[in-house]
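Trainee: I am new to this structure. Please take me through one part of it closely.

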Amino acid sequence: MKKNRILKTVIALIIVLSAAGYYAYYEFNRKNEALENIQPAYSVSAVEATDEFSKNSTAALKKYVDKVIEVEGQVKNVETTEKGDVTIVVGEENNMSSLRFSMDSTETKKASLIKIKSTLHLKGICTGYNADEMGLGADILFSRSVIIDNKK
Amino acid sequence: MRYLKFFLLAGLLNIMLNVSSAQDRYFTKSGKVQFDATTPSSPEKVGATTNALICVVDIKTGLIQFSIVMKSFEFKNALMQEHFNENYVESNKFPKAEFKGNILNNTEINYSKDGSYKARVKGQLSIHGVSKEVETEGYMIVKGGKINANATFTAGLKDYDIAVPGLVADKVANYAKISLDCSLEPLK
C-alpha cells in the first residue's frame, strides 16, 4: 500500500514537472500570433479614431493601446523602405493626422499594391500615439498589421 | 520717419533671412531603428526593429530631432517583447524615446550637392525617463533632393536605469548597439 502511494506520487510529480517543462519551453519559444486569427477588440473608422485621439489622447490610448483594432479608412499613402517594409497611411485627405499601419512581413507584397485613395479595411495592434509636437501632424500607430479587404 | 522705415525694413529682412522656412526642414515618419543587446554567449538574438521612427532635420540650423514609440519595437520572440515592454523599458510609464540636438558641423554639409557627409551630432537622449547628453557620428547622404541620415552608436542600459536581471545576464548585454536609418524628404 505504501509502495503504491509512493509510486502514484512519483508519477504525479513526473506529470506535473513534464507539464511545467513543456509550458516553459512553449513560452520561451512563443512567436507573436498572426493577427488574421485574432478577433479585434474594437472596430472603428479612421475618422472616428482620429477624433477620439484628438479630443482626449490619454483616454483613447488607454482604450486602444496593446489591442487589436480593426479600421476602415481611405489610403493616404503607401510607404516602402529600401528593405521592403511597408507602412500604409490611412486617414482623411485634408487632415494632417493619420493612422499609420506598419504591415506584417507576410503582407508586404499585398500591401505594396494598395492604391492611394482606395478604401481599405485592415487591422493591427495599436502601439501608441504621436501628438503633433513637431508640426508633422498627429499619428496613431499600429504594428503587425494585416489587410482584411480593399475596396478600390 | 525715413529712418524708421529703413530700420523696420532692415528688421523684417533680418527676420526673413534667419527664420527657417518649411523647405529647410526634412522629415520622415518611417525611419528604421534596430537595437541589439545580445551577449556573445546568448543562444538567441536579443534585439528588435521598428519602422516608426520620426526624424526631423533643419538643414539651415542643424537642429535634429528623433522620436520613437517604444511599443513599436518588434521582436521575433513574443515573451522577449513582453519583458522588454513590461520590465525593461516600462513602456506604459515611458512610452517614447527621444533625442533633441544639433549637427555640430552642419556648415560643412552641402545639402545642395549629392554626396556622403560625416555628421557629428550632440544632444539630449531620453530613454526610460532618463535624459543624458550624447555625442556621436553619423552620415548625411544627399542624393536627388533627398537625404539619408544614418548612425550607429551604443547606449549603456544602466545609464538609463534599465536593470538587467541576474537570471538573464548571460543573454542580455549591458550595452545596446543602436542603428538608425532614415530617408528624409523635404517638409512641404
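Trainee: How near do the axes of helix 2 (residues 46-55) of chain A and helix 3 (residues 57-64) of chain A come, and at what angle do they cross?

Mentor: Keep in mind that this is a predicted model. The two axes come within 5 Å, and they cross at roughly 125°. Angles of 65 to 115 degrees count as roughly perpendicular and those over 145 as roughly antiparallel, with oblique for the rest outside the roughly parallel range. Helix 2 of chain A and helix 3 of chain A are therefore oblique to each other.

Now look at the contacts. Helix 2 of chain A contributes Glu52(A), Phe53(A) and Lys55(A). They meet Ser57(A), Ala60(A), Leu61(A), Lys63(A) and Tyr64(A) in helix 3 of chain A.

Two of these residues also belong to an aromatic cluster. Phe53(A) and Tyr64(A) join Tyr42(A) and Tyr129(A) in one cluster. Lys63(A), one of the contact residues in helix 3 of chain A, has a further partner. Its charged end sits over the ring of Tyr42(A), 4.9 Å from the ring centre. Tyr42(A) is thus a member of the cluster and the ring under the charged end of Lys63(A).

Aromatic rings bring us to chain B. Over all chains, the structure holds 10 aromatic pairs. One of them joins Phe35(B) and Phe84(B). Their rings are stacked, with 5.4 Å from centre to centre and 20° between the planes. Phe35(B) lies in strand 1 (residues 25-38) of chain B and Phe84(B) in helix 2 (residues 78-88) of chain B, so the pair ties together parts 49 residues apart in sequence. Phe35(B) is buried, at 12% relative accessible area. Phe84(B) is buried too, at 9% relative accessibility.

Strand 1 of chain B leads on to the barrel. In chain B, 8 strands close into a barrel in the order 1-2-3-4-5-6-7-8, with antiparallel pairing. From one strand to the next, the twist averages 25°.

Follow strand 1 of chain B to its partners. With strand 2 (residues 47-58) of chain B it pairs in the antiparallel sense over 9 bridges. There, Gly31(B) stands opposite Leu53(B). With strand 8 (residues 172-186) of chain B, strand 1 of chain B makes an antiparallel pairing over 8 bridges. Tyr26(B) has Pro186(B) as its bridge partner in strand 8 of chain B.

Elsewhere in the barrel order, strand 6 (residues 130-143) of chain B pairs with strand 7 (residues 146-156) of chain B over 6 bridges, again in the antiparallel sense. Val142(B) stands opposite Ile147(B) in strand 7 of chain B.

Methods
Residues are numbered from 1 along each chain as its sequence is written. Chains are lettered from A and ligands numbered from 1 in the order in which they are written. This is a predicted model: local features need pLDDT of at least 70, side-chain atom pairs count only at pLDDT 80 or more; totals for chains, interfaces and linings use all residues. Side-chain values use heavy atoms; hydrogens and water are left out. Rings of Phe, Tyr and Trp (its six-membered ring) pair if their centres lie within 6.5 Å; planes under 30 degrees apart count as stacked, over 60 as edge-to-face and the rest as tilted. Helices (H or I, at least four residues) and strands (E, at least two) are DSSP runs, numbered from the N terminus. Buried means under 20% relative accessible area, exposed over 50%, partly exposed in between (1.4 Å probe, protein chains only). A charge sits over a ring if NZ of Lys or CZ of Arg is within 6 Å of the ring centre and within 35 degrees of the ring normal. Two strands pair if DSSP finds at least two bridges between them. Axes are lines fitted to C-alpha atoms, for helices over the stretch in contact, and angles run from 0 to 180 degrees between N-to-C directions. Angles under 35 degrees count as roughly parallel, over 145 as roughly antiparallel, 65 to 115 as roughly perpendicular and the rest as oblique. Contact means heavy atoms within 4.5 Å.
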